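These are my notebook entries on a structure that was new to me. I set down what I looked up, in the order in which I looked.

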Amino acid sequence: MSPRLSTVILPVHRWNEGGRDRWRRAEELGFHTAYTYDHLSWRTFRDGPWFGALPTLTAAATATERLRLGTLVTSPNFRHPVTLAKELISLDDISGGRITLGIGAGGNGFDATALGQEAWTPRERADRFAEFVPLLDRLLTEDAVTERGTHYTADEARNIPGCVQRPRLPFAVAATGPRGLKLAARHGQAWVTTGDPKLYENGTPEESRAALRAQSEKFTAACAEIGRDAAEPDRILLTGFTPDRTAPLESVDAFVDFAGRHAELGFTEIVIHAPIPDSVFDVDPKVFERIATEAPAQLAQARQPE
């Protein structure tokens with residue numbers, strides 16, 4: 001089975017000045033899912049326009065009909081499970097059940113200190129994530145939840161009528177470490193990775209694929225540990241953060257080769273960034289659209305048994 005092709009549309013465009021059109025175009029091009037980042041700001045975009053993820057997805061839900069929508073990724077950095085659950089249930093309802101929640105532990109970017117707190121240590125991020133995900137799972141599947149944890153508390157939190165998607169909207173859990181992979185195995189309908197960040201600057205594509213293979217094997221082992229069929233959850237690769245960078249988007253052939261090699265590693269969904277001029281995602285829009293419309297058929301043909 002060939003991998004699905006999805007995209008990320010960063011929330012940098014005013015809705016009435018091209019924002020709406022980009023989401024509609026993603027649907028027209030046939031992408032499986034269009035995601036957006038859930039940050040308060042991000043890296044080189046910090047001093048430019050940047051809109052909220054959940055309002056953007058709400059607007060995108062009303063502007064599209066078939067396209068799945070989601071975050072890559074939401075984190076505990078500035079979210080609380082109780083308020084997030086209420087917003088997600090509302091968004092799932094507005095979209096008619098087309099929402100996927102990409103969720104990760106977060107990092108040391110601007111989100112980590114924007115609310116005035118000290119940046120959490122890697123250990124504290126992992127501890128919070130291990131509490132955040134199960135509580136959010138409960139909030140999205142139970143009518144009323146009371147729980148008092150170390151970091152997060154819910155006191156008779158009501159979430160009626162729940163998600164359109166049953167038992168809840170799917171989680172795509174971003175993880176590379178052992179604790180995160182266990183959460184992905186237990187709670188995720190998908191596992192997400194961007195590869196090994198240590199290889200981004202000086203690694204090779206071959207080293208990156210070896211690292212991704214090792215990550216995938218660890219996820220398989222995490223599933224086996226709890227008795228889950230490792231073939232059940234999807235495996236999502238968010239591109240742009242491996243040593244290949246934007247090279248796979250230089251031509252349809254380059255992308256088909258890239259996606260095919262990663263499909264061989266077990267990835268069922270490949271996510272590419274929509275072009276943004278004068279940024280790290282500055283690629284030819286015409287080539288991007290050709291990849292969207294031509295690559296899936298080529299990948300399907302390449303994976304047909306002889």
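**Entry 1: aromatic residues.** I began with Trp 42 and Phe 45, and I found that both are buried. The model is a predicted one, and I read every value with that in mind. The ring centres of Trp 42 and Phe 45 lie 6.0 Å apart with the planes at 25°, so I entered the pair as stacked. The cut-off for that label is an angle under 30 degrees.

I then looked up Phe 132 and Tyr 152. Their ring centres are 5.4 Å apart and their planes stand at 85°, so this pair is edge-to-face. Phe 132 belongs to helix α4 (residues 122–141), whereas Tyr 152 sits in the loop between β5 and β6 (153–158), so the pair ties together parts 20 residues apart in sequence. I noted that Phe 132 and Tyr 152 are both buried.

A search over the whole structure gave me 10 aromatic pairs. I also recorded one aromatic cluster, formed by Tyr 37, Trp 42, Phe 45, Trp 50, Phe 241 and Phe 281.

**Entry 2: Ser 41.** I asked where Ser 41 is found. It is in the loop between β2 (33–36) and α2 (53–63). Is Ser 41 buried or exposed? Its relative accessible area is 13%, and because buried means under 20%, I entered Ser 41 as buried. Leaving out residues up to four places away in sequence, I found Ser 41 touching Arg 46, Trp 50, Phe 110 and Asp 111. Trp 50 is also a member of the aromatic cluster.

**Entry 3: the barrel.** I traced a closed barrel of 8 strands in the order β1-β2-β3-β4-β7-β8-β9-β10, and the pairing is parallel. On average, neighbouring strands of this sheet are turned by 25° against each other, with direction ignored. I examined one pairing in detail: β3 and strand β4 (residues 99–103) run parallel over 4 bridges. In β4, Thr 100 stands opposite Gly 70.

**Entry 4: helix α1.** I looked up how α1 is placed and found that it lies across β1, β2 and β3, at about 150° to β2. Within α1 (residues 15–28), the buried residues are Gly 18, Gly 19, Trp 23, Ala 26 and Glu 27. I asked what covers the buried residues of α1. The cover includes β1 (4–8), β2, α2 and β3 (68–74). After α1 comes Gly 30, with a positive phi near 90°.

**Entry 5: Val 145.** I located Val 145 in strand β5 (residues 144–148). Its relative accessible area is 0%, and therefore I entered Val 145 as buried. Neighbours within four places in sequence aside, its contacts are Leu 135, Arg 138, Leu 139, Ala 154, Asp 155, Glu 156 and Ala 157. I also took the separation of the C-alpha atoms of Val 145 and Leu 10, which is 33 Å for 135 residues along the chain.

**Entry 6: the whole chain.** I counted 8 helices and 10 strands in the protein chain. The C-alpha trace spans about 55 × 45 × 40 Å along its principal axes. A compact globule of 306 residues would have a radius of gyration near 19 Å, and the chain agrees with 19 Å. Of the 306 residues, 52% are buried. Among contacts with a separation of 6 or more, 74% join residues 24 or more positions apart. I closed with the exposed area of about 14400 Å², of which carbon and sulfur atoms supply 49%.

Note on methods. Residues are numbered from 1 along each chain as its sequence is written. This is a predicted model: local features need pLDDT of at least 70, side-chain atom pairs count only at pLDDT 80 or more; totals for chains, interfaces and linings use all residues. Side-chain values use heavy atoms; hydrogens and water are left out. Helices (H or I, at least four residues) and strands (E, at least two) are DSSP runs, numbered from the N terminus. Buried means under 20% relative accessible area, exposed over 50%, partly exposed in between (1.4 Å probe, protein chains only). Contact means heavy atoms within 4.5 Å. Two strands pair if DSSP finds at least two bridges between them. Axes are lines fitted to C-alpha atoms, for helices over the stretch in contact, and angles run from 0 to 180 degrees between N-to-C directions. The radius of gyration is taken over C-alpha atoms; the globule rule is 2.2 Å times the number of residues to the power 0.38. Accessible areas come from the Shrake-Rupley method with a 1.4 Å probe; for residues, only the protein chains shown count as cover. Rings of Phe, Tyr and Trp (its six-membered ring) pair if their centres lie within 6.5 Å; planes under 30 degrees apart count as stacked, over 60 as edge-to-face and the rest as tilted.
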